[in-house]
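Please open the model in your viewer, and keep the selection tool ready. The tour below moves from one selection to the next and says what to look for at each stop.

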Amino acid sequence: MPRTQKPTNGTSRRSGRRSPLASVALIAIGLLFTGGAYAAFSTSTASAATESASAQTVAEGEKLFAANCATCHGLSADGTSAGPSLIGVGAASVDFQVGTGRMPMQMNGPQAEVKPVQFTEEQTAALAAYVASLAPGPAIPAAELLDAQGDAAAGAELFRINCAMCHNVAGAGGALTEGKYAPALDGVTPQHIYEAMITGPQNMPVFNDMNISPEDKRDIITYLKYVENNPSPGGFALGSLGPVSEGLFLWIFGLGAIVALTVWITAKSN
Amino acid sequence: MASDETSGKDLTATDSAGVDHGSAAAGIAVVSRDAVANPGFPPHRPRITDLDPRAEKRAERTVYTLFYLSIVGSIFAIAAYMIFPIVPEDPGSVRLNNMFIGIGLALALLALGIGAVHWGKALMHDEEGVDERHPVRGTDETRARAVEIFQEANTESGFGRRTMIRNSLIGALVVFPLPAVVLFRGLAPQDQDPVALLKQTMWEKGTRLALDPSGVPIKASDVTLGSSFAVIPEGLMDLGHGLLEEKAKAVVILVRMKPEDLIETPERASWSYDGIVAYSKICTHVGCPVGLYEQQTHHLLCPCHQSQFDVADSAKVIFGPAKRALPQLPIAVDADGYLIAQSDFLEPVGPSFWERQ
Amino acid sequence: MSTTTDMKPADTQKKKSGGFTGAAANYVDERTSISTAVKELGRKIFPDHWSFLLGEVALYSFVIILLSGTFLTFFFQASMVEVHYDGSYVPLKGVAMSVAMASSLDLSFDIRGGLLMRQVHHWAALLFVASIGLHMLRIFFTGAFRKPRELNWVIGFVLFILAMAEGFTGYSLPDDLLSGNGLRIIDGMVKGIPVVGTWISFLLFGGEFPGVDIVGRLYSLHILILPAIIVALIAMHLLFVVVHKHTQYPGAGRTNNNVVGYPVLPVYAAKAGGFFFIVFGVVMLMASFFTINPIWNYGPYDPSPVSAGTQPDWYIGFADGALRLIPPGLEWVGLGGTWSFNILIPLVGLGLFIGVVLLYPFLEAWVTGDKREHHILDRPRNAPTRTAIGAAGVTFYAGLWAAASSDIIATHFKVTMEGVIHTLQAVVILGPIIAYFITKRVCLALMKKDREIVLHGYESGRIVRLPGGEYIEVHQPVDEYERWKLVSYADYKPLELTPNARGKISPVQRVRAGLSRWFFEDRIAPVGTQEIEKSHGDHH
């Protein structure tokens, strides 16, 4: 791992001025804008991805790959004991893993953690283009599937049947075996949600287009964005974790406040 | 202070002051001859509102201000009801409606309550009162009279003497609720046998595996490596009546792994198709849907009680409270390439029940 | 001192006041004899302590539940007939669901203030059970369940169980995914009961799970029979409080034969009446700002999906946790059927636990042989064995309770789920033993500290150098009122073995004497006058 670390640092030094700005912009977009902004953002990425077929981009990706990924995934991306083969995983997989900061991994753990993104959008696109050039695989989804303008009710039903057992009905995440977990989906971009479904990162199963059609995936994203953009009608959602957080809240704050009041009621007045 | 005038010997307390108890009265308590005496009530400590008329005035002002505030809260709640209507399809409007009516009501209630308590604490008479206690038991005369009444009643009715009447009465009282037990049989349909129902599901030879909830049949080629499908029998969604009951038994999870990862017993070797296996989704513990499939470890986890099943190895239990492996649905592929069931499950799905074997 | 005698009875004041009030009072009294009740109860004394209000919190939450619940019944329809939702909440539009779920959504999203009332109802329900629990802990640790109040403990405990039953039936009514899976678990547990389980489940659900009857049946229980029993038992519970008069903490001037506090009219009425509105206000604040049970997220019940983090409400958590902690493989086939020990062990184990708690007053009375009435509460430290037993019980319960959120603990503390389960298995078995010994030692240490304070006063923190060069810390002596609180507990000796009429000692007597020795061992006697004299002699 330390060997992967070094070139990564080199990369970020080389692009030192661009990289932080890009992440700031990303965060700002994520925080401020809703569906429309997502669509705009995704369109640019998607069009970048289509253009990236050019040989030059692939070559640039290959260089980045050799410097940052080959230690674990092998120089020809066919996998080593430290990392799986990337032949046929497709551009979508690279965009998801690198674009959410999961790759390159910093240390071995139960699963790759979300970290600050290590590459610029162009670099990520180049890496994706390189990996996609090795063998056909899931491509980065088209912008019209990511606009979150589908049928939220249909999406919600599909989400409950296929996703909620791990990610929780409100997308709050949940536990898996041996320290692994399904992450919360709040704030994840539509593109990354879509890519996760088609590539099945880590222990997540693959949901191919025969299982959940592209329109269905659009509906699922629509539902998730609906939940994200419409705060709970009942007030603060207490993490949407269900009865555990409600019970803790009641005991600590509800009963706590009432016990404090009983002390006041029975204290001698001054 | 307290005295023994009430004379209930059970009541004589060891911890009441200065009374020398007989050993019987103290029960099991060790009576110390040199116990410290109860010093009696401490001197009364007046409040600021008792001493300072301005503080009293201030407290009075606080109390009525709170009561007025409560009225304001109630009016605010009424206003909020009108100012923040619910706009159809706008959950934000529900949130505002909920919050502002709630704020008004909470203000009304809290100000009213705090005002009343403050009145009681700061302004009402502050001397503590004392009530004497008496033993809970009736006095000896009362008890004697009670016994007498029962005896008189017994004599007058002949309850003890007329044994046939008494015993038959007791018998009648015991038997009369029994018809209720029979009536409760009607809670479930008369013509059904739960054991038979639990032992079969909708799956039968040739039923196509279909997607939940659309009901679209699944081809073997659709199930790519690492996939996990939520599956129902084809035709389930067309059932008008009893849909959920059938679904509660028939739901299946379908996954595909590399055939070499699959550990299969010889008798089950024909139950899978090219690394595709189908297992009942209903936990063998208490019946939650087991859907958390980890495609790399091939483990299935139940989110309710954390039972874990190894899908690569006949869905055997590897952790948690469940005992039995998930029942496997034998599958095959029909002429059109669709996945079909070879038969129903060969054992009952879901939680164990007495007649299961 | 006694205010009872200086005050005029309320009814004579009424007669004097004349006018409309007087006439009305006269009218009512001539038809109800209400003046007798006012005379008896109007000046009844209630001791004042914050912990005495916990039962009131429970009572008030129940009233809040009745009020908000009645509002909900005007809109809720307990039917499992399938409809397609056509209300305001977009992500459920057109989805097939039961009428129960659809009407719950409608009252939340299309009735102004409806969601508020639903949240008030549910928060108050959680508070109801929680405050009963806290109230019971207070009763237990202060020994307030002792004679003559054993039966009231039993009534209170039954109320606790009924409150949980009310909670669970209510939780199941909206027929959403969370409660549906809760019912599925209940169904699985019921089926695990030997011999009759299958049939009980079949009758309960009116056929196969889930059927179309269960919501209606739970609704009848939830709004009819259970509340009726609760109201009756609360009435009995309060009647007994009046008959027994309230207990009080030890204090100067307080004895086992008196009760010191404020009269019902006016101080207690103002405080208790005001407190109702305060509790209601706190519940209202929670309901206006914090979501509870967002059924719109869970969606309608469907046997296929489930949500990560599926848990019952907190008060059922201990039972769910017990199910989670059972190690694998506990199921056995034989003797004509399937024995689901993975279900039976939690059921029987928790049944025993509940039984022991229910009968604790009788068990303790039998072990101690104590037949006196107790109206002065024990400070928990002065009954070390009981306090230690209580701590062990709380630890056991807390371990099970925590197990019900094992998955949430795993994700939020970044540990493995398996590790959490194994740790909690150890906590449930070893925790109570450790808690017992630690608590007992802490109690004894506190009693020793009390002795020190009585004999030598409080440590003032002021260091003085004596003329001889010696440094001493000045101790602040306690006044006699404060001292009384520290010395006014009874010391006990264990039961002694006494041969019966035939000169024999039965094995039961032996067990009883042994338990009694265990209960009263390691006693620390209260400070007596001679010791105080002596310690004063030492210092002056």
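Helices and strands are DSSP runs, where a helix has at least four residues and a strand at least two, and they are numbered from the N terminus. With that in mind, select chain B, which has nine helices and twelve strands. Keep in mind throughout that this is a predicted model, with scores of ipTM 0.91 and pTM 0.90.

**Chain B as a whole**

While chain B is selected, turn it about its principal axes, along which the C-alpha trace spans about 100 × 75 × 50 Å. The radius of gyration of chain B is 38 Å, whereas a compact globule of 357 residues would have one near 21 Å. Colour the chain by its domain assignment, which gives domain 1 (48-123), domain 2 (140-183) and domain 3 (197-341). If you place a marker at the C-alpha centre of domain 1 of chain B and another at that of domain 3 of chain B, the two markers will be 57 Å apart. Buried residues make up 42% of the 357 residues in this chain. Among the contacts in chain B with a separation of 6 or more, 54% join residues that are 24 or more positions apart.

**Two loops of chain B**

Next, zoom in on Pro213(B), in the loop that runs between strand 3 (209-211) and strand 4 (228-233) of chain B. The peptide bond that leads from Asp212(B) to Pro213(B) is cis, and its omega is near 5°. Then move to Gln306(B), which lies in the loop between strand 8 (299-301) and strand 9 (308-310) of chain B. This residue is not a glycine, and yet its phi is positive, at about 65°. Both stops are worth a pause, because most residues other than glycine have a negative phi, and most peptide bonds are trans. Is Gln306(B) buried or exposed? Gln306(B) counts as buried because it has 26 C-beta neighbours inside 10 Å, and 20 or more are needed for that label.

**Where chain B meets chain C**

Now show chains B and C together, and select the residues that touch across them: 99 residues of chain B are in contact with 116 residues of chain C. Several elements of chain B each supply at least two residues to this side, including strand 1 (29-30), strand 2 (129-132) and helix 9 (243-250). Which element of chain B gives the most? Helix 4 of chain B does, with 19 residues. If you colour this side of chain B by class, you will find 59 nonpolar, 23 polar and 17 charged residues.

A single residue of chain C is a good next selection here: Ile45(C), which is found in strand 1 (residues 45-46) of chain C. Ile45(C) touches residues of both chains, among them Gly129(B), Val130(B) and Asp131(B) on one side and Val259(C), Val260(C) and Tyr262(C) on the other. Because 24 other C-beta atoms lie within 10 Å, Ile45(C) is buried.

**Along chain C**

Select the whole of chain C and colour it by pLDDT, for which the mean is 91, with 96% of the residues reaching 70 or more. Residues 1-12 of chain C deserve caution, since their pLDDT stays under 50. The chain is divided into domain 1 (3-41), domain 2 (51-320) and domain 3 (379-540), and the C-alpha centres of domain 1 and domain 3 of chain C lie 50 Å apart.

Go on to Leu335(C), in the loop between strand 5 (332-334) and strand 6 (337-339) of chain C. Leu335(C) is not a glycine, but it has a positive phi of about 50°, and it counts as exposed because it has 9 C-beta neighbours inside 10 Å. Further on, helix 20 (residues 507-520) of chain C has 14 residues and reaches 20 Å from its first C-alpha to its last, close to the 20 Å expected. Just after this helix, Asp522(C) takes a positive phi of about 55°.

**Last stop: chain A**

Finally, show chain A beside chain B, where 26 residues of chain A are in contact with 34 residues of chain B. Helix 8 of chain A gives the most to this side of chain A, with three residues. Elsewhere in chain A, select Pro104(A), in the loop between helix 6 (90-99) and helix 7 (121-134), where the peptide bond from Met103(A) to Pro104(A) is cis, with omega near -5°.

Technical notes
Residues numbered from 1 in each chain as written. Chains lettered and ligands numbered in written order. Predicted model: local features only at pLDDT ≥ 70, side-chain atom pairs only at ≥ 80, totals over all residues. Expected span 1.5 Å × (residues − 1). Domains from an automatic or database assignment. Contact = placed C-beta atoms within 7 Å. pLDDT = per-residue confidence, 0-100. Rg over C-alpha atoms; globule rule 2.2 N^0.38 Å. Buried ≥ 20, exposed ≤ 12 C-beta atoms within 10 Å, placed from the backbone. Nonpolar A, V, L, I, M, F, W, Y, C, P; charged D, E, K, R; others polar. Lists of a residue's contacts leave out its neighbours within four places in sequence.
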